[in-house]
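Colleague: I am new to this structure. Please take a close look at one part for me: the aromatic rings, and the helix beside them in the numbering.

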Amino acid sequence: MSSEALIKLERAEDLAKLEKVARDAGIGYKVIDRLKKEYTLKSSKYYLGSDELYRETLYFIRQYPEYVRILQEPMAGSSAGNQDGIGSGHRVSRPTEMQAINRAELNHRVNIIDKAIRVVSMDYRDGVWNHVIYQAKYTEDEIFFYANINTWKLWTQRFVYEVAVQRGHGPLIEQLRRR
């Protein structure tokens, strides 16, 4: 299992220090000059208030296929061993219960995204979905040729905004907009 972390460095000398620490620890790394700028209309009523929150919400949405794949897998039965905790000196182990809780959380995430995509007009739904989930480019994929790029960007932003609101970020969005 690999994990990634993005670190924004303020000074060039910090990069040298970070590279040394990573090398000493045997951690692989990749230097990226800049993150891809996700397009967001700052004057739109669907503006999230910050590019970082917009990007975080996009990444949340892009995990949708993985959520669905996990939910389609059958739940594994409980593992062998002492499950009641009697005489073991340990807490009660409940792997099936934990799986159910995790599946409920994934179900909740899928429902948020499913509900949010419904705000997008049927004419644009497939295109917005392909752009957000699979990162299809507005200028290269034939699915986008029947509407102006600004129309696609507006519907995409509305979808991302709706997901953020459904996740409970409404008050944060209002606060960020006031800055």
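Modeller: What follows goes through the ring pairs, then one helix, then the confidence. Keep in mind that the model is predicted.

Eight aromatic pairs turn up in a search of the whole structure. Take Y64 and W129. Their ring centres lie 4.9 Å apart with the planes at 90°, so this pair is edge-to-face. It ties together distant parts of the chain: Y64 sits in helix α3 (residues 64-72) and W129 in helix α5 (residues 122-134), 65 residues apart. Both Y64 and W129 are buried.

Now Y124 and Y146. This aromatic pair is stacked, with 6.1 Å from centre to centre and 20° between the planes. Y124 belongs to helix α5, while Y146 lies in the loop between α5 and α6, 22 residues apart. Y124 has 17% relative accessibility and counts as buried. Y146, at 51%, counts as exposed. Ring pairs also join Y124 and Y146 with W152 and W155 in a cluster.

Next comes helix α6, residues 149-178. N148 caps its N-terminal end: a side-chain oxygen of N148 is 2.7 Å from the backbone nitrogen of N150. A straight helix of 30 residues would span 44 Å, yet α6 spans only 28 Å between its end C-alpha atoms. The helix bends by about 110° at G168, and the proline P171 follows within four residues.

Last, the confidence. The protein chain averages a pLDDT of 79, and 73% of the residues score at least 70. Over residues 78-88, pLDDT stays under 50. For that stretch the model has nine contacts beyond four places in sequence.

Technical notes
Residues are numbered from 1 along each chain as its sequence is written. This is a predicted model: local features need pLDDT of at least 70, side-chain atom pairs count only at pLDDT 80 or more; totals for chains, interfaces and linings use all residues. Side-chain values use heavy atoms; hydrogens and water are left out. Helices (H or I, at least four residues) and strands (E, at least two) are DSSP runs, numbered from the N terminus. The expected span of a helix is 1.5 Å times one less than its number of residues. The bend at a residue is the angle between axes fitted to the seven residues ending there and the seven starting there. A polar contact is a pair of N or O atoms within 3.5 Å; within protein, one must be able to donate a hydrogen and the other to accept it, and residues adjacent in sequence count only if both atoms are side-chain atoms. pLDDT is the predictor's confidence in each residue, from 0 to 100. Contact means heavy atoms within 4.5 Å. Rings of Phe, Tyr and Trp (its six-membered ring) pair if their centres lie within 6.5 Å; planes under 30 degrees apart count as stacked, over 60 as edge-to-face and the rest as tilted. Buried means under 20% relative accessible area, exposed over 50%, partly exposed in between (1.4 Å probe, protein chains only).
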